[in-house]
Amino acid sequence: MVAVREMMEAEVETFAAALKKASRAADNTVTNYRRDLSGFRSFLIERAATAGKCVDEIDVASITADHIRSYLAELMKTSKRATVQRRLSAIKAFFRYRETTTGAASPARSIRSPKNERRLPSVLQEDEVRRLIEVSPDDSAPAAIRDRAIFETLYSSGLRVGELVGLDWRDINEELGMVLVRAGKGNKDRLVPLGEPAIDALQKWKRVMPVAWEHNGPVITNLRGGRLTTRSVELILQRRIEAAGIGGGATPHGLRHSFATHMLANGADLRSIQEMLGHASLATTQRYTQVSVNHLKEVYRRAFPRV
């Protein structure tokens, strides 16, 4: 049998060359694949040596799904899931290539990538939200008035940034303090309350819009009257974060997280928050309970005398 060290080195190099030629992959991609496959080869060699076998008696054709699973299990002990996912992707790509060139079935075909870690949403504290909304170099400028309307509305309603920029004036009922989100995520309309600060900010923006507002026209526009993009809102928020001196990399979606977390902390029930956020599943909304639990534990730790 051909030695695994020689065979895998040769086959990996052949795979890397083919990858670069056929898909014109970036040098970094080829380098990463080569490194990840080298790590898998090293694992196989060490595993064989531990079992008291001569490593020169192992070839690529002898690799099974169990070998790959054992390798992933070992990686999971010390590596992040994203790293494990990347290593498995390299292995799958390598064996797919062998499948097309040799006809040998891929042992990685049935192996699923580990699920992504569920990270708790990043939220701002209530005083940070206040600073973010209120800090502005020139409150009288149309752009500053519009920006405040953006932040007040995002925080007041928990809208996704794509839903915000898609709003038309017909969707906002100022008297009732409600906004109609048309065909949001999941292709369902929903009604969401708007607080008075958000309504006031929107009314001020309506009065100073550079291009006269129309009933069926966009609410959030640039200074030429065109509908603002989600990317523009992200850039506006980044500048405002710097002006307010807030760290943590807040995003427009972070204001949505903050809305939900602050509502929950102040007594709102999960079902109502689910409706306002437009979540199809209550399980999606329940992740905010963990954020609140962590906050409550910290308050308890600081306030209760016997901890």
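Which residue follows α6, and what is the sign of its phi? Gly158 comes right after α6, and its phi is positive, near 70°.

## The chain as a whole

This is a predicted model. The chain has twelve helices and three strands. Buried residues account for 41% of its 307 residues.

Many contacts link distant parts of the sequence. Among contacts with a separation of 6 or more, 63% join residues 24 or more positions apart.

## Helix α6

Helix α6 covers residues 142-157, which is 16 residues. From first C-alpha to last, α6 reaches 22 Å, close to the 22 Å expected at 1.5 Å a residue.

The helix is mostly covered, with twelve of its 16 residues buried. Nonpolar side chains such as Ala144, Ile145, Ile150, Phe151 and Leu154 are among the buried ones. So are Arg146, Asp147 and Glu152. Thr153, Ser156 and Ser157 are also on the buried list.

## Where α6 meets α9

The axes of α6 and α9 come within 11 Å of each other. They cross at roughly 100°. An angle of 65 to 115 degrees counts as roughly perpendicular, and α6 and α9 are therefore roughly perpendicular to each other.

On the α6 side, the contact is made by Ala144, Arg146, Asp147, Arg148, Ile150, Phe151 and Leu154. On the α9 side, Val233, Ile236, Leu237 and Arg240 take part. The residues of this contact divide into seven nonpolar, four charged and no polar.

## Two nonpolar cores

The largest nonpolar core holds 43 residues. Within it, Ile150 and Ile172 touch the most other members. Several elements each supply at least two residues of this core, including α5 (126-134), α6, β2 (178-181), α8 (196-208) and α9 (230-244). Others that do so include α7 (161-165), α10 (252-265) and α11 (270-277). Another core, of 27 residues, lies apart from it, with Leu37, Phe40, Ala93 and Phe94 among its members.

What does Ile172 contact beyond its neighbours within four places in sequence? Its partners are Met178, Val179, Leu194, Ile199, Leu202 and Val219. Ile150, for its part, also belongs to the contact of α6 with α9.

## A buried aspartate

Asp36 sits in helix α2, residues 27-50. Is Asp36 buried or exposed? Buried means under 20% relative accessible area. Asp36 has 1% relative accessibility, so Asp36 counts as buried.

Leaving aside neighbours within four places in sequence, Asp36 is in contact with Tyr71, Arg86, Arg87 and Ala90.

Note on methods. Residues are numbered from 1 along each chain as its sequence is written. This is a predicted model: local features need pLDDT of at least 70, side-chain atom pairs count only at pLDDT 80 or more; totals for chains, interfaces and linings use all residues. Side-chain values use heavy atoms; hydrogens and water are left out. Helices (H or I, at least four residues) and strands (E, at least two) are DSSP runs, numbered from the N terminus. The expected span of a helix is 1.5 Å times one less than its number of residues. Buried means under 20% relative accessible area, exposed over 50%, partly exposed in between (1.4 Å probe, protein chains only). A nonpolar core is a set of buried Ala, Val, Leu, Ile, Met, Phe, Trp, Tyr and Cys residues joined through side-chain atoms within 4.5 Å. Contact means heavy atoms within 4.5 Å. Axes are lines fitted to C-alpha atoms, for helices over the stretch in contact, and angles run from 0 to 180 degrees between N-to-C directions. Angles under 35 degrees count as roughly parallel, over 145 as roughly antiparallel, 65 to 115 as roughly perpendicular and the rest as oblique. Ala, Val, Leu, Ile, Met, Phe, Trp, Tyr, Cys and Pro count as nonpolar, Asp, Glu, Lys and Arg as charged, and the others, Gly among them, as polar.
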